[in-house]
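Me: Hey, can you walk me through this one? I'm new to reading structures, so plain words please.

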Amino acid sequence: MDNSSYCTESLNSALSGTKSGSSDDDMVEITGATLDFSVTEDVQSLDRDGDGVEGVPRLLELLEEPVPGLGTYEDFNTIDWVREKTKDRDRHREIASKSKESTWALVKSVCDAFSGWLLMLLIGLMSGALAGGIDISAHWMTDLKEGVCLSGFWFNREHCCWGSNHTTFQDREQCPQWTSWAQLLTGSSEGAAAYIVNYLLYVSWALLFSFLAVTLVRAFAPYACGSGIPEIKTILSGFIIRGYLGKWTLVVKTVTLVLAVSSGLSLGKEGPLVHVACCCGNILCHLFTKYRKNEAKRREVLSAAAAVGVSVAFGAPIGGVLFSLEEVSYYFPLKTLWRSFFAALVAAFTLRSINPFGDSRLVLFYVEFHTPWHLLELIPFVLLGVFGGIWGALFIRANIAWCRRRKTTWLGRYPVLEVLVVTAVTGLVAFPNPYTRGSTSELISELFNDCGLLDSSQLCNYDNVNVTRVSNRLPDRPAGRGVYTAMWQLALALVFKMLITVVTFGMKVPSGLFIPSMAVGAIAGRLLGIGMEQLALYHHDWLVFQGWCSPGADCITPGLYAMVGAASCLGGVTRMTVSLVVIMFELTGGLEYIVPLMAAAMTSKWVADALGKEGIYEAHIRLNGYPFLEPKEEFSHKTLAMDVMRPRQGDPPLSVLTQDGMSVQEAEELVASTAYSGFPVVVSRESQRLVGFVLRRDLVISIDSARQRQEGVVSSSRIFFTEHPPPQPPGSPPPLKLRSILDLGPLTLTDHTAMDIVVDIFRKLGLRQCLITHNGRLLGIITKKDILKHLASMANRDPDSILFN
């Protein structure tokens, strides 16, 4: 792999460096055949008996010995789901039949059945351990930008102060063991000089972390950048990107994710954790033969791994399973659902055992609310949903425009400089504002928090009139000076987060979008919640507040508004609904808040869909030209298969393999002169009666293997796809019998099949190509790439943008 270009650019360079025949589904445009539908004679028999001629060597039968590489796929190809599922069924039947023959075969059958659950266990343990390490490291390195612990530099600020005997309740913000950089270097923690020193070191640490992150990605694992979810969705749909889920990508992504989060950039680790978990799943698949040798089975494991990633990101096992089902997976059978749930449970248990935050919680912003919501509060909740939908749609448009500009300007040529400039701007603007100085997860935690007597946040700086210490609540809460200060600081933080996230997402470092989106919504929600709280306090006699918001009652919970706002913005960006509500419910542990979350999530989706149909991940899939058939998109055009198939009118005719009339040289010339990934096999060029389909890779590997393993195979040797080849003349070179690589059941449709049905078949069966016939004779072919190009042209987009342009 060329380390000078990476992420999407690396895909482009890798593709351009290979034959165009390895492109995703550029299958066949068959040459050298003339379609004559006026032929009326009977076609010749598919199978002809023949006992061979004395002295002629026995035919090579590829099923007798396994040929390395046979049945596999090249890089940047789409797998054949039907073929892979058939292979797995045949393997399972063979194991089941052998299990009745001996006890050892029965034990092997049981081990094979249990291997899936063992694999899920290993994925959960590995992903949970990595997530715990990432959380602990990121928390420590984020605090390192502001100071260091004298009792042990490996402690973050919170853990450092836990061990201090000098920290009291009244001075809980003061911790003698924790020293700022200014105090350590200049001996003073107050004054302009100390502030400037802390400021400079904050920005310097941020630049160092981001430089290390982008350099490691550039040098060792180009695929480690971004969130990874668009690529994982494409891989789960059947596409192959070698190395994207490899061990180097896992190692580099884990390390650079910590660095990127610690640098203070407006990004999160939750999306990349899905990529990390999928890397774990892909690597562990190689321990089990049935997953290593079957691409479809491996994708079932990757679907479960995606659920594990969300489980350890949010501490939400059920939400993770639903996220994989709703947002990521292309094929999700019931068995995968059970195993995903088990793997997510193991991962959450592992993370809980590590206890990265020291409070027995799985996430930093876990919170519990105690005040019930009122029906009339649905109005501001729906307004937050409208805000989330509008911001989500605008963010997607702005981010895609910026990423498109990145591809065509100097930004794409100097990714390290871009990361450093964005980091410098982020650090310089973030430091003066206390709500942007720390990590975004800590900001969300503070915004979600329901103020009590022990809270020291400015957001809880109320002028308390009546204090009920028995319940540790603040019933009457008129806003104090600290609350008003916090509100304008939050307003500035909101504008900053909205703008900087647009240019940050998509840079050449690991970058997730969950946390920045939630932060924008949480800030907006908290501001609205405080406004509603003060309105109810000073105007409790208004008709809208009568009956449920009496004087002295704590009837409005600003933290709840922050949570609803976070769900709204995240839903507007990703278009998640069910999984989003469940994730937020698992974060708070309150059943009674499901209705506000549902109302906000659905409103944000409706508003965002009205402004743009695509979520952020679908938009990036289309921007990068990945061959992905969106299952949510409806096909509403009245076209037929004959309008999309190749060859079209005026194109060169189809080029095919014949079942018994070609030599090795002719087959090799056909492969060399074309750039397609497979060839139909017909009875003869005259009849065009379809026999089956052969993949280009299988044909090349089979011929090369035959030359090495069978003496006498030369260019003039005949190739037969029939079960009983005809007798060969004496002295002729030994033929090749390649029926074992022939797909005898390729999916065929007639030329008058409606395209909406064709598209539906491609989506639900995971096809890579479909052969088109007319009156039983081969007429053309439709590939997945043809479908994508046709959909693009129907939407007035450039059809040539498909597949890494």
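What follows is a chat about some parts of this structure.

Me: What should I know before I start, and what average pLDDT does the chain have?
Reply: This is a predicted model. The chain averages a pLDDT of 83, and 86% of the residues score at least 70.

Me: Where does pLDDT stay under 50?
Reply: One such stretch is residues 8–64, for which the model has 150 contacts beyond four places in sequence. Over residues 465–474 the pLDDT is below 50 too, and the model gives that stretch 22 contacts beyond near neighbours in sequence. Where pLDDT is low, don't read the predicted coordinates in detail.

Me: OK, sheets next. In what order do β4, β6 and β7 sit?
Reply: The order is β4-β6-β7, in an open sheet with mixed pairing. β4 (657–658) and β7 (690–695) are at the edges with a single partner strand each, so one side of each has no neighbour in the sheet.

Me: And how do β6 and β7 pair, parallel or antiparallel?
Reply: Antiparallel: β6, residues 678–682, pairs with β7 over five bridges. If you want a spot to look at, V682 stands opposite L690 in β7.

Me: Which helix lies across those strands?
Reply: That's α27, residues 696–709, which lies across β4, β6 and β7 and runs at about 75° to β7.

Me: Switching topic: what do β11 and β12 form?
Reply: They form a hairpin with two residues between them, and N775 in the turn has a positive phi of about 55°. β11 (residues 769–774) pairs with β12 in the antiparallel sense over six bridges. In that pairing, L771 has I781 in β12 as its bridge partner.

Me: How many residues of β12 are buried?
Reply: Seven of the seven, residues 777–783, so β12 is largely enclosed by the rest of the structure.

Me: What about α9, how many of its residues are buried?
Reply: 15 of its 16 residues are buried, so "mostly covered" fits α9. Its length checks out as well: at 1.5 Å a residue, the 16 residues (270–285) should span 22 Å, and the end C-alpha atoms are 23 Å apart, which agrees.

Me: Last one: is E586 buried or exposed?
Reply: Buried, because its relative accessible area is 18% and the cut-off for buried is under 20%. E586 lies in helix α22, residues 578–588.

Me: What does its side chain reach?
Reply: The side chain of E586 reaches the backbone nitrogen of I318 at 3.4 Å. Leaving aside neighbours within four places in sequence, E586 also has contacts with other residues, including P317, G319 and Y366.

How values were computed: Residues are numbered from 1 along each chain as its sequence is written. This is a predicted model: local features need pLDDT of at least 70, side-chain atom pairs count only at pLDDT 80 or more; totals for chains, interfaces and linings use all residues. Side-chain values use heavy atoms; hydrogens and water are left out. Two strands pair if DSSP finds at least two bridges between them. Helices (H or I, at least four residues) and strands (E, at least two) are DSSP runs, numbered from the N terminus. Contact means heavy atoms within 4.5 Å. Axes are lines fitted to C-alpha atoms, for helices over the stretch in contact, and angles run from 0 to 180 degrees between N-to-C directions. Buried means under 20% relative accessible area, exposed over 50%, partly exposed in between (1.4 Å probe, protein chains only). A polar contact is a pair of N or O atoms within 3.5 Å; within protein, one must be able to donate a hydrogen and the other to accept it, and residues adjacent in sequence count only if both atoms are side-chain atoms. The expected span of a helix is 1.5 Å times one less than its number of residues. pLDDT is the predictor's confidence in each residue, from 0 to 100.
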